[in-house]
Amino acid sequence: MADLKNIQNFDYGLEKIFPEADDFLPLLGTDYVELYVGNAKQAAHYYKTAFGFQSLAYAGLETGLTDRTSYVLVQDKIRLVLTTPMPNSKNKEIFDHIEKHGDGVKVVALWVDDATKAWEETTKRGAKSFMKPIKETDSNGEVIRSGIHTYGDTVHVFVERKNYTGVFMPKFEKWESTHNPTNVGLRYIDHMVGNVGWNEMNVWAKFYNEIMGFANLITFDDKDISTQYTALMSKVMTNGNGRVKFPINEPADGLKKSQIEEYLDFYNGPGIQHIAVATNNILETVKEMTNRGVEFLYVPGSYYDTVLDRVGEIDENLSELKDLGILVDRDEEGYLLQIFTKPVTDRPTLFFEIIQRKGAQSFGKGNFKALFESIEAEQERRGTL
């Protein structure tokens with residue numbers, strides 16, 4: 001099982017590969033993603049069993065935390081925190097979040113060298129403060145956290161843990177469990193996609209540019225991302241070292257309700273649409289996840305009739321990709337393989353992308369039409385297209 005030391009020693013490639021990014025923070029990587037959920041214990045069991053996460057840390061009544069219970073899961077460089085409010089909590093924020101959004105991402109935590117400076121730099125540029133810098137200590141040292149609001153009810157928390165040696169952070173203890181399924185080969189968070197409202201994409205692209213120093217890596221308009229019925233637009237924002245990427249989607253006019261509109265309706269506002277996680281062997285990862293009950297979007301078999309004409313030679317066996325529904329795309333740097341789960345919540349909101357990059361740095365533009373037709377088929381089944 002990965003521990004905090006190994007995660008911190010991961011080579012995040014701090015060299016600046018996107019010189020147009022200001023990078024005044026700077027960001028060392030994604031520290032954790034926290035979901036507010038209705039039942040953290042049951043959600044933790046699901047992510048361990050189906051996605052191969054391992055037990056890392058726990059906080060609750062037994063550790064002196066009275067307003068919430070949190071389970072921390074880890075798989076290689078990925079940490080998920082699943083949090084549920086306690087009924088005696090005076091803080092209604094978590095209750096309200098779950099009632100409004102269902103299970104969903106609240107916190108995208110970013111690992112920094114100086115959480116105080118990160119807060120000062122972003123708030124002086126206009127960010128709304130979520131959490132002033134606070135120092136939390138125990139016998140293992142100190143963690144300093146601060147935070148700012150972003151779109152909807154989503155927040156970024158800056159985490160400084162260079163002086164901490166504990167399992168996760170103060171008020172958390174090591175979580176021992178007898179249920180420890182093997183991992184499925186997930187390695188790190190490749191990117192996280194946010195859905196925002198009509199005509200808000202440029203607003204939030206500007207936010208990431210001016211408030212956090214990000215650069216616009218690529219832009220997709222409604223000609224790039226459209227089908228017969230629906231369309232959307234997207235801008236991919238990246239920090240200077242390229243380790244934190246946030247695509248931002250907004251709806252575009254179409255004949256029917258797009259997936260972004262459906263998300264906004266059911267999530268009751270903007271939020272994280274999906275988390276893309278990387279693997280070194282997508283065939284084995286998807287086979288194992290399928291065996292464990294994870295449901296993936298169906299891709300019409302006709303997609304594979306011409307895919308090699310478009311992407312050229314690949315290492316994988318096409319029939320295996322077809323059997324699993326894995327998509328392929330190529331850019332000037334190489335190619336990538338990707339697949340998308342169906343929503344992992346009862347509301348058609350949050351889902352995961354599994355991605356393997358074999359040189360490609362893009363986001364699968366050539367797959368958009370097939371992917372969104374698959375999503376539309378699911379929308380039609382739900383009666384929301």
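**A tour from strand β5 outward**

Select Y36 to begin: this residue stands opposite G104 in β5. The model is predicted, so local features are taken from residues with pLDDT of at least 70 and side-chain atom pairs from pLDDT 80 or more, while totals for chains, interfaces and linings use all residues. Numbering starts from 1 along each chain as its sequence is written, and side-chain values use heavy atoms, with hydrogens and water left out.

**Strand β5 and its partners**

Next, colour β5, residues 104-111. Helices (H or I, at least four residues) and strands (E, at least two) are DSSP runs numbered from the N terminus. Eight of the eight residues of β5 are buried, so the strand is largely enclosed by the rest of the structure. Buried denotes under 20% relative accessible area, exposed over 50%, and partly exposed the range in between (1.4 Å probe, protein chains only).

Add β1, which pairs with β5 in the antiparallel sense over seven bridges; two strands pair if DSSP finds at least two bridges between them. Then add β8 (residues 155-160), which runs parallel to β5 and is joined to it by five bridges. Within β8, F158 is the bridge partner of L110.

**T122 and the cis peptide**

From F158, move to T122, which touches F158 as well as L25, A127, I148, I211 and M212, not counting residues up to four places away in sequence. Contact here means heavy atoms within 4.5 Å. T122 belongs to helix α4 (residues 115-124) and is buried, with a relative accessible area of 0%.

One of these contacts, L25, leads to the next stop: a cis peptide bond joins L25 and P26, with omega about -25 degrees. P26 is located in the loop between α1 (4-8) and β1.

**The largest pocket**

Now display the largest pocket, which holds about 440 Å³ of space. A pocket is an open set of points, on a 1 Å grid over the protein atoms alone, where a 1.4 Å probe fits and protein lies on both sides within 12 Å along at least five of seven lines; lining residues have an atom within 4 Å of a point. Grid points are joined across faces, edges and corners, and the volume is the space filled by probe spheres set on them. Of its 23 lining residues, E34, R68, M131, E136 and R145 are the closest to the centre. The elements giving two or more residues to the lining are β1 (29-36), β3 (68-75) and β6 (129-138), and β6 supplies the largest share, five residues.

By type, the lining divides into 13 nonpolar, three polar and seven charged residues. Ala, Val, Leu, Ile, Met, Phe, Trp, Tyr, Cys and Pro count as nonpolar, Asp, Glu, Lys and Arg as charged, and the others, Gly among them, as polar.

Follow β6 into β7 (residues 141-149), its antiparallel partner over seven bridges. The two strands form a hairpin with two residues between them, and M131 has G147 in β7 as its bridge partner.

**Helix α6 and N268**

Select α6 (residues 259-267): seven of its nine residues are buried, so the helix is largely enclosed by the rest of the structure. Just after α6, N268 takes a positive phi of about 60 degrees, although N268 is not a glycine. N268 is partly exposed, with a relative accessible area of 41%.

**Last stop: G185**

Finally, centre on G185, in the loop between β9 (173-174) and β10 (186-195). Leaving aside neighbours within four places in sequence, G185 is in contact with Q75, A278, T279, N280 and T285.
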